[in-house]
Each structure stands twice: as structure tokens, then as C-alpha cells.
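Student: Please choose a single part of this model and look at it closely. I would like one connected account of its surroundings, with the reasoning spelled out where a cut-off matters.

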Amino acid sequence: MSKELGPTGRPMPNFPEPKPRKPGLPATVIAMCNQKGGVGKTTTAINLGAALVETGRKVLLVDFDPQGSMTVGLGVNAYELEQSIYHVLMDRELGIKDIVMQTSIEGLDLAPSNIDLSAAEMRLVTEVGREQVLSRVLKPILHDYDVVLIDCQPSLGLLTVNALTAADGVLVPLECEYFALRGVALLKDTIEKVRDRTNDDLQIIGLLGTMYDSRTLHGKEVLQTLVEGWGDLVFHTVIRRTVKFSDSTVAGEPITEYATSSPGSTSYRQLAREVLVRCPGA
């Protein structure tokens, strides 16, 4: 009997129940990256993190975007932060443990950010080993977590290069519309440069179709084009467009908490399983 075809036009695999992680391993670090804004990076980082916690993982979310969307999306007032990831980058006396805060979900922690981080790009230019600053910052906590998810800003500047240098893998959220396809080749070039110069272990974990509307031919064609160009690097899981994501952001909660039985929650739980299959050590 043939398997049912998923939204990407390929047979949908059965992703196994995640097994407990082997103790003693450092965290798997995943950068959410796409230089195009509004593609669902922050939504994916928050909800994938929450779904991974449900599998028994301890997760740190790192808000590495000066807009602070991840911080706000978890119910934290970014403007009232006395210290953020920016201060840890700039002050060697300050450790990341000094700024990490617990979210409303046990096992899901946040390293917050706000507009202060926009100054880091200029200040890091004169630093020795400027591409490795985030790697240095994260190193002391890698054995405290199972997965670290970095929400990158929508550009390919020095902050994003720092995130890619610190990461084991890149997850690329991609809106299911044609303009989103154009920037992926540029992102791939940046990933190749980082791999050549600062992080030769960096892997592309996968491309994730987001904001998908199955009622439109356009969305289906974009997914088909993605699979033709990138093959198995495209996740089988696809995140459909739903108003529940906006509602959960306003509520300051992941969708897995806000609307636990919604299709969006189901999709991110499936994505968590697929990510763990693609990242065996996570």
C-alpha cells in the first residue's frame, strides 16, 4: 500500500517517537536563518523550542535579532531589560547565565534581546575573532541544554555570521511564495563562506515551508520548485497559515500552549520529531 503524499508531493514518512537523549553531550546548536524578513523564523524558533521540550529536551532560545521579536513573543517587555544578549557579547565579565530567564514553560529558557543589539554589529567590527564572539558566549552553557535555537536577524551581516559560526546546523524557514525563493541561493553562498572560513562543520538541516495555503496553486508550485531544487533538504513538515500564530504571539505563549490541539501545534510537534531524526545527537 502506497504512503499518503504530503504537502511537498513526497510520501510522508512516519517519524518515530523521540528517544531520551544520551547524557553528557553538549547541546545541538541550530540557527534559524533567512535574510528575508517575515518568513516565520521567530514563530518557528519559539514553537519548535516548545515542541522539543515536550519530547523531554531542555531548550535555550537565543534572541539574536535587535527587533527582539522572540523576547516579546514570549511575553517579556524588551524595553525594560536591564541586561540582554548584547551586554554579554560586549562585556567579558558578564556570562550568558547572568541574563538567561525562564519562560512560562518548564525546560524552555530565553536569552533575551532588544534594540541595543543593533549596536553590536558596529562594535564587533574591531574585535579580534569577531565571528566567534557568540561561540565563546555560548560555550559555558552547552552542557546545560540539549538544544540551543538561535533566532537570527533578517540580514546576512556580522550577527548572522556569528550565529552560523556558533551553530551545528541551519534551519531555513521559507514563506511559500516566489519572492522567498530568490534569496535562498544568496543564503547558501553565505553558509558556504562560513563553512570555508569559520565553521567547517556547519550543515543545512533543512528548508521549512511556512505560511502555506493548500487552497492556492501558487503555494503548491513553490513547494514543488523547492523540492526540485533542494531535494531531501526540504522538510516533509510544512507549516500552514493560521490566525492562531498571531493570537499566540499576542498572548506571549507558544502555540503548543495557547492552542494545544490546533493544526499549528500538530505541525510543530511533527517538525520537532523530524528535526530530531535529522540531528541524531539532539
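**A close look at strand E1**

Tutor: Ala31 has Val170 of strand E6 standing opposite, and this pair is a convenient way into strand E1 of what is, throughout, a predicted model. E6, residues 169-175, runs parallel to E1 and is joined to E1 by three bridges. E1 also pairs with strand E5, residues 147-152, again in the parallel sense, here over five bridges; within that pairing, Met32 has Asp151 as its bridge partner. Asp151 is also the bridge partner of Asp63, a contact that belongs to the parallel pairing, over six bridges, between E5 and strand E2, residues 59-64.

These pairings fit into an open sheet of eight strands with mixed pairing, whose order is E3-E4-E2-E5-E1-E6-E7-E8. The edges are taken by E3 (101-102) and E8 (234-240), each of which pairs on one side only. Beyond E1 in that order, helix H8, residues 184-197, lies across E6 and E7 (203-212), at about 155 degrees to E7.

What of the two faces of E1? In a regular strand, side chains alternate between the two faces of the sheet. Thr28, Ile30 and Met32 are on one side of E1 and Val29 and Ala31 on the other, and both sides are covered, with each of these residues buried. Because five of the five residues of E1 (28-32) are buried, the strand is largely enclosed by the rest of the structure.

The nonpolar packing can be followed from here. The largest nonpolar core has 56 residues, and those touching the most other members are Val62, Phe64, Ile85, Ile96, Leu138, Val148 and Ile150; helix H6, residues 158-166, gives the most to this core, with six residues. Met32 of E1 is instead included in a second, separate core of 32 residues, together with Met70, Ile205 and Tyr268 among others.

Finally, consider Cys33, which is buried, with a relative accessible area of 0%. The closest cysteine sulfur to that of Cys33 is in Cys152, at 4.5 Å, which is too far for a bond, because a disulfide requires the two sulfur atoms to be within 2.5 Å. Cys279 is in no disulfide either, its nearest cysteine sulfur, again that of Cys152, being 15 Å away. Cys279 is likewise buried, with a relative accessible area of 9%, and a search of the whole structure finds zero disulfides.

Key: Residues numbered from 1 in each chain as written. Predicted model: local features only at pLDDT ≥ 70, side-chain atom pairs only at ≥ 80, totals over all residues. Heavy atoms only, no water. Buried < 20%, exposed > 50% of the residue type's maximum accessible area, 1.4 Å probe, protein only. Helix = DSSP H or I, 4+ residues; strand = E, 2+ residues; numbered from the N terminus. Pairing = 2+ DSSP bridges. Contact = heavy atoms within 4.5 Å. Axes fitted to C-alpha atoms, helices over the stretch in contact; angles between N-to-C directions. Core = buried A, V, L, I, M, F, W, Y, C linked by side-chain atoms within 4.5 Å.
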